[in-house]
Amino acid sequence: MSEITTTRSLERAALLRWAASLGAITSEALAHRWQLSPASARARLQAAVRLGLLARTKPLTGEPALYSATRAGLRECGMQGLGVCRPTAANARHLVVCAEVGAALERCYPDHRLAGERELRHEEAVRGLRLASAVIGSAGQRHERLHRPDLVMWAPREAGGLPVAIEVELTLKGPRRLERICRAWARCREVSGVLYLCPQQVCAAVERAIERAGAGERVVALTLERLPGVAIERAVAGRP
């Protein structure tokens, strides 16, 4: 196998792992994360589609196409335990913004490891313990009801320390539900802190929930405008 072929195989595996972890990615997010031209990012994704490793879907008009790992793609990158993500009109906008946020965070913190909710769920199931999830109630005598973040930032192994949970909050939740989640995060000792990223009008509601829950020391809300590389127009709450 030539050096060029080996390099391409490693890059393709990294692309597939990223898509599998987040559920789905966009060409715009990939271009930002790897500092590629938009055309180059699309070409890499389309090449994986032709090989049957990624599936391309576009559930919402006006939103970018989403690329998710197929069963073959999951096997190729060793993440078949995560299962196939199926973008729909209901979750497409959230998947798009999470991909953009993930790309921006990895560019800002290249020494950290980013994982999506799907990867976190799988790792916790395999290990049989909570790694970065908050307990929000009981689902029976032996089961806890967990709330998992959309993304997790793991510090470099040599640095140690707990991960940071990232919540991408695009629409308004009920105030009691949001307060309950913030209170659960305040009690959670599996993470060093929680960062909510929201559009401006949602951020105000999250800040109120954080204050009512007394979670201000461990939970912070910022507007998506603060994170470079995120397309704010796609993150406006209420957009169809």
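1. Let's start with the largest nonpolar core of this predicted model. That core has 41 residues, and the ones touching the most other members are Trp18, Ile25, Leu54, Val101, Leu105, Leu151 and Ile166. Several elements put two or more residues into this core, including helix H1 (3-22), helix H2 (27-34), helix H3 (38-50) and strand E6 (151-154). H5 provides the largest share, seven residues.

2. Have a look at Leu151 if you want to see what that packing is like. Not counting its neighbours within four places in sequence, Leu151 is in contact with Val101, Leu105 and Ile166, among others. Leu22, Cys98 and Leu114 are also among its contacts.

3. There's a second core too, separate from that one, with 29 residues. Among its members are Trp154, Ala184, Cys198 and Ala213.

4. Now for the empty space. The largest pocket holds about 380 Å³. It has 22 lining residues, and His94, Val168, Glu169, Thr171 and Lys173 are the closest to its centre.

5. Which elements supply at least two residues each to that lining? They are helix H5 (92-108), strand E5 (144-147), strand E7 (164-168) and helix H7 (175-187). H7 gives the most, three residues. Sorted by class, the lining has ten charged, eight nonpolar and four polar residues.

6. The second largest pocket comes to about 280 Å³. Of its 14 lining residues, Arg113, Arg127, Trp154, Ala155 and Arg157 sit nearest the centre. Here the lining splits into six charged, six nonpolar and two polar residues. You've met Trp154 already: it belongs to the second core and also lines this pocket.

Key:
Residues are numbered from 1 along each chain as its sequence is written. This is a predicted model: local features need pLDDT of at least 70, side-chain atom pairs count only at pLDDT 80 or more; totals for chains, interfaces and linings use all residues. Side-chain values use heavy atoms; hydrogens and water are left out. On a 1 Å grid over the protein atoms alone, a cavity is a set of points where a 1.4 Å probe fits but cannot get out, and a pocket is an open set with protein on both sides within 12 Å along at least five of seven lines; lining residues have an atom within 4 Å of a point. Grid points are joined across faces, edges and corners, and a volume is the space filled by probe spheres set on the points. Helices (H or I, at least four residues) and strands (E, at least two) are DSSP runs, numbered from the N terminus. Ala, Val, Leu, Ile, Met, Phe, Trp, Tyr, Cys and Pro count as nonpolar, Asp, Glu, Lys and Arg as charged, and the others, Gly among them, as polar. A nonpolar core is a set of buried Ala, Val, Leu, Ile, Met, Phe, Trp, Tyr and Cys residues joined through side-chain atoms within 4.5 Å. Buried means under 20% relative accessible area, exposed over 50%, partly exposed in between (1.4 Å probe, protein chains only). Contact means heavy atoms within 4.5 Å.
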